Amino acid sequence: MHSLTFVIGTGRSGSTALSRILNSHPDVLSLNEFMASVGDAAFPEGTLTGEEFWQSLCRPAPHFDRMIRSGLPLPEFLYTRRPGKYAAETTGIPALSLMVLPHLTEDPDGLLDELDAAVVQWPEGTAAEHHRALFGLLCARFGRTAVVERSGYSTGWAPGLRATFPDARFVHMFRDGPDCALSMSRHPGFRTISLLREIKTRAGVGSLADLRDEDVRALPADLSPLLSERFDPALVRDRDIPLRTFGTLWSELVFEGTEFLSRLPADQRTTLAYEDLLDNPAAELTRLAGFVGVDPLPQWLLTGSELLDHSRRGSARRLPAAELDELRESCAPGTRVLAG
């Protein structure tokens, strides 16, 4: 039986590097951006057949395909770097194929076919049972014993994951607020998230799925096209979005993650600060390995240290003083929560 750990956080916090580090451990099955890829579609109520479960994993994520078609792929989209038989313009890219499978293998199409052949034959079961079986299948395939799922912008998934997997462990990963918010402001995914949040606020809806045609028609001309099958990437890339928007988002997500973690039993939770990982990688990775349930192998600790990029630390301090002050102010609520 494999252990199961979820790394939750804001994104832009060094967590992609952490996925690469975890993937280099011979006993860890690193599920990179699994939740960001499959989302709620893979966790319906009640039971579903193996075929239905497989469809939920293979259904292309419409918002990601839309970004690719519009010439705004995220750097996290591993599949588009070395395309296979799927494409956003024609077939759509299966959810699992975009970021999860290319992280595990050089042949994501082959692995998808392999999983397909097995999963569609599974009997009816709950989403939790199917996921456990899928993780077990992948562990057996790659000879791993511990599963670690890590998605950016993932604090919102945490309560649902806790309900589905009551025995799972959780790591809350975070980074210095101004540095993280500045990184968000330059990332097409977080710029899009910010604009979609603005759309929901203007329309007064909690979810984009609740938007009515008249809501969309009432949106400004620089926002409504983002809901189309294809849009001008300049609408996201060149839009003037105040830095404080991202500082406020960082604070919200840090509060959400901290609040969630505080409700867990002590043996099922831990935190990981990106700056601590940079300062003392061997100690932090040793602690993380123990929490996840694997040995801190000396060669792995060495590899992990080499995969960390120190150059982005303190990036916000290079901003003009007035901008930095405003950014720090928007990050202050989250900074206080982390200090508390």
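**Aromatic pairs and a helix contact**

Phe-53 is a good place to start: in this predicted model, its relative accessibility is 0%, so Phe-53 counts as buried. Trp-122 is buried too, with a relative accessible area of 19%, where the cut-off for buried is under 20%.

These two residues also meet ring to ring. The aromatic pairs come to nine in the count, and Phe-53 with Trp-122 is one of them, with ring centres 6.5 Å apart. Their planes sit at 20°, and planes under 30 degrees apart count as stacked, so this pair is a stacked one. As for where the partners come from, Phe-53 belongs to helix α3 (residues 50–58), while Trp-122 is in the loop between α7 (108–119) and β4 (125–126). The two are 69 residues apart in sequence, so the pair ties together separate parts of the chain.

Another pair has a different geometry by class: Tyr-153 and Phe-190 are edge-to-face, at 5.9 Å from centre to centre and with 85° between the planes. This pair, too, links distant parts of the chain, its members being 37 residues apart. Tyr-153 is in the loop between β5 (146–150) and α9 (158–164), and Phe-190 is in helix α11 (residues 188–203). As for accessibility, Tyr-153 comes out at 30% and so counts as partly exposed, whereas Phe-190, at 6%, counts as buried.

Aromatic residues turn up in other settings as well. One aromatic cluster is formed by Phe-6, Phe-34, Phe-43, Phe-135, Phe-165, Phe-170 and Phe-260. Elsewhere, Arg-141 lies over the face of Phe-142, 4.8 Å from the centre of the ring.

Back at helix α3, there is a contact with α7. The two axes come within 9 Å and cross at roughly 155°. Angles over 145 degrees count as roughly antiparallel, so that is how α3 runs relative to α7. On the α3 side, the contact is made by Gly-50, Glu-51, Phe-53, Trp-54 and Cys-58. From α7 come Leu-112, Leu-115, Asp-116 and Val-119. Sorted by class, this contact has six nonpolar residues, one polar and two charged.

Finally, a charged residue: Glu-76 is found in the loop between α4 (62–69) and α5 (95–98). Its relative accessibility is 14%, so Glu-76 counts as buried. Leaving aside residues up to four places away in sequence, Glu-76 touches Arg-12, Thr-16, Glu-33, Leu-98, Met-99 and His-187.

Technical notes: Residues numbered from 1 in each chain as written. Predicted model: local features only at pLDDT ≥ 70, side-chain atom pairs only at ≥ 80, totals over all residues. Heavy atoms only, no water. Phe/Tyr/Trp six-rings, centres within 6.5 Å; stacked < 30°, edge-to-face > 60°. Helix = DSSP H or I, 4+ residues; strand = E, 2+ residues; numbered from the N terminus. Buried < 20%, exposed > 50% of the residue type's maximum accessible area, 1.4 Å probe, protein only. Lys NZ or Arg CZ within 6 Å of the ring centre and 35° of its normal. Axes fitted to C-alpha atoms, helices over the stretch in contact; angles between N-to-C directions. Parallel < 35°, antiparallel > 145°, perpendicular 65-115°, else oblique. Contact = heavy atoms within 4.5 Å. Nonpolar A, V, L, I, M, F, W, Y, C, P; charged D, E, K, R; others polar.
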